[in-house]
Amino acid sequence: MTGHADRADGAAGGTGDAGGTSGPDGTRSAGGAGRAGFADALDRWKALGSRYALVPLRIFLGVTFIYAAFDKLTDSAFFADSGTGSIGEMMTGVRDSSAIPALVDLALKNPAGFGYAIAFGELAVGIGTLVGLFARVAALGGALISLSLWLTVSWQVNPYYLGNDLAYLMAWLPLVLAGASVLSLDRLLAERRRTR
């Protein structure tokens, strides 16, 4: 019987590194418990940070693309074939310096249609990213928009890091890979499917 009791006492005290150290009189200090509690709290914060790490990026990209879409849709001059601030003038200006002039030529066949496609694409991508609905698809759409703008509009920017479209392209890639696993409609829908 005493062997079992000794083992139980040893088990209780064996994990005692987390509970403090023994003094000369056999009492235990609370320092070890405090350190263990701090380490546990730090581990919880790290796990929480890892889980929600992409949420700020989702908010930034979602809001930015929604804003960019409304900025275009509320500017009547943007959808014109020519004139100051028009999509036609912008595409004509970058045609010879773009990486893929044929892509610019395609846009110039119908500048207004191209402008509306970009604006509504940005709106769909922004909303999908912000609320986390078809998040990977939305992120892929955002990456493709950013890629097309980098290869056409901002390709001539030198040095390359001054152009923002390449930075946006890189920012979309983590969301393409990871999706929106928290605070998202995708997660809500997945949980509903599991409970059925």
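These legends walk through a few close-up views of a predicted model.

**View 1. A nonpolar patch on the surface.** Eight side chains come together here: Ile-59, Val-63, Ile-127, Leu-130, Val-131, Leu-185, Leu-188 and Leu-189. Taken together, their accessible area is about 600 Å². Three elements give two or more residues each to this patch, namely α3 (55–73), α6 (111–131) and α9 (185–195).

**View 2. Leu-130, one member of the patch.** Zoom in on helix α6 and you'll find Leu-130. Is Leu-130 buried or exposed? Somewhere in between: its relative accessible area is 33%, so Leu-130 counts as partly exposed.

**View 3. Phe-65 meets Trp-172.** The structure has eight aromatic pairs, and here's one of them. The ring centres of Phe-65 and Trp-172 sit 5.1 Å apart, and because their planes make an angle of 85 degrees, the pair is edge-to-face. Phe-65 belongs to helix α3 and Trp-172 to helix α8 (residues 164–178), so this pair ties together parts that lie 107 residues apart in sequence. Both residues, Phe-65 and Trp-172, are buried.

**View 4. Tyr-160 and Tyr-161, another aromatic pair.** This pair is edge-to-face too, with 5.7 Å from centre to centre and 75 degrees between the planes. Where Phe-65 and Trp-172 are buried, Tyr-160 is exposed, with a relative accessible area of 56%. Tyr-161 is exposed as well, at 60%.

**View 5. A cluster of rings.** Back to Phe-65 and Trp-172, now with some company: ring pairs link them with Phe-60 and Tyr-168 into a cluster.

Conventions: Residues are numbered from 1 along each chain as its sequence is written. This is a predicted model: local features need pLDDT of at least 70, side-chain atom pairs count only at pLDDT 80 or more; totals for chains, interfaces and linings use all residues. Side-chain values use heavy atoms; hydrogens and water are left out. Patches are made of residues with over 30% relative accessible area and no salt bridge: like charges are joined within 9 Å, nonpolar side chains (Val, Leu, Ile, Met, Phe, Trp, Tyr) within 5 Å. Accessible areas come from the Shrake-Rupley method with a 1.4 Å probe; for residues, only the protein chains shown count as cover. A salt bridge is a side-chain nitrogen of Lys or Arg within 4 Å of a carboxyl oxygen of Asp or Glu. Helices (H or I, at least four residues) and strands (E, at least two) are DSSP runs, numbered from the N terminus. Buried means under 20% relative accessible area, exposed over 50%, partly exposed in between (1.4 Å probe, protein chains only). Rings of Phe, Tyr and Trp (its six-membered ring) pair if their centres lie within 6.5 Å; planes under 30 degrees apart count as stacked, over 60 as edge-to-face and the rest as tilted.
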